[in-house]
Amino acid sequence: MALRLLAIDPDTQGGNCLAVHLDEDTGDILFQGWTEAAPQVLAEAEKNSPLAPHESLVRFPAWMRETILEALRDDAET
């Protein structure tokens with residue numbers, strides 16, 4: 001498996017960063033972010049799509065939105 005970094009928190013200082021990776025073998029996208037643990041948020045999300053035991057909800061702050069979208073657009077163009 002080869003992971004390619006698509007986007008990373010532009011204000012990162014080198015560790016424990018919000019990031020988006022691409023699995024070059026499968027095309028899958030992997031998100032590294034904050035695991036959402038607030039019961040009220042999880043309950044609200046599960047109204048739309050129940051979480052399986054092997055799934056988690058990952059939160060990215062709004063200021064990462066453009067970075068993620070730009071990385072996905074750039075990857076789609078290559």
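Select strand β2 (residues 19-23) to begin: both of its faces are covered, with A19, H21 and D23 buried on one side and V20 and L22 buried on the other. Buried here denotes under 20% relative accessible area, exposed over 50%, and partly exposed the range in between, for a 1.4 Å probe and protein chains only. Five of the five residues of β2 fall in the buried class. In a regular strand, side chains alternate between the two faces of the sheet.

The model on screen is predicted: local features need pLDDT of at least 70, side-chain atom pairs count only at pLDDT 80 or more, and totals for chains, interfaces and linings use all residues. Residues are numbered from 1 along each chain as its sequence is written, and side-chain values use heavy atoms, with hydrogens and water left out.

**The partners of β2**

Add strand β1 (residues 3-8) to the selection; β1 and β2 pair in the antiparallel sense over five bridges. Two strands are taken to pair if DSSP finds at least two bridges between them. Within this pairing, R4 stands opposite L22.

Next, display β3, which runs antiparallel to β2 and is joined to it by four bridges. Here L22 stands opposite I29 of β3. The two strands form a hairpin with five residues between them, and G27 in the turn has a positive phi of about 85°.

**The aromatic pair**

Which two residues form the aromatic pair? Select F31 and F60, whose rings meet edge-to-face at 5.6 Å centre to centre, with 80° between the planes. The criterion, applied to rings of Phe, Tyr and Trp (its six-membered ring), is that centres lie within 6.5 Å; planes under 30 degrees apart count as stacked, over 60 as edge-to-face and the rest as tilted. F31 lies in strand β3 (residues 29-32) and F60 in the loop between β5 (58-59) and α2 (65-77), so the pair ties together parts that are 29 residues apart in sequence. F31 is partly exposed, at 41% relative accessibility.

**Helix α2 against the strands**

Move to helix α2 and select L72. This residue is partly exposed, with a relative accessible area of 27%. Its C-alpha lies 8.5 Å from that of A7, although L72 and A7 are 65 residues apart in sequence. Apart from neighbours within four places in sequence, L72 is in contact with L6 and I29, where contact means heavy atoms within 4.5 Å.

D75 is the next selection in α2. Which residues does D75 contact, leaving aside its neighbours within four places in sequence? They are R4, L6 and L22. The C-alpha atoms of D75 and L6 are separated by 7.5 Å, with their positions 69 residues apart along the chain.

**The whole chain**

Finally, clear the selection and view the complete chain, which has two helices and five strands. Helices (H or I, at least four residues) and strands (E, at least two) are DSSP runs, numbered from the N terminus. From that terminus the order is β-β-β-β-α-β-α. The C-alpha trace spans about 40 × 30 × 20 Å along its principal axes, and 21% of the 78 residues count as buried. Among contacts between residues at least 6 apart in sequence, 38% join residues at least 24 apart.
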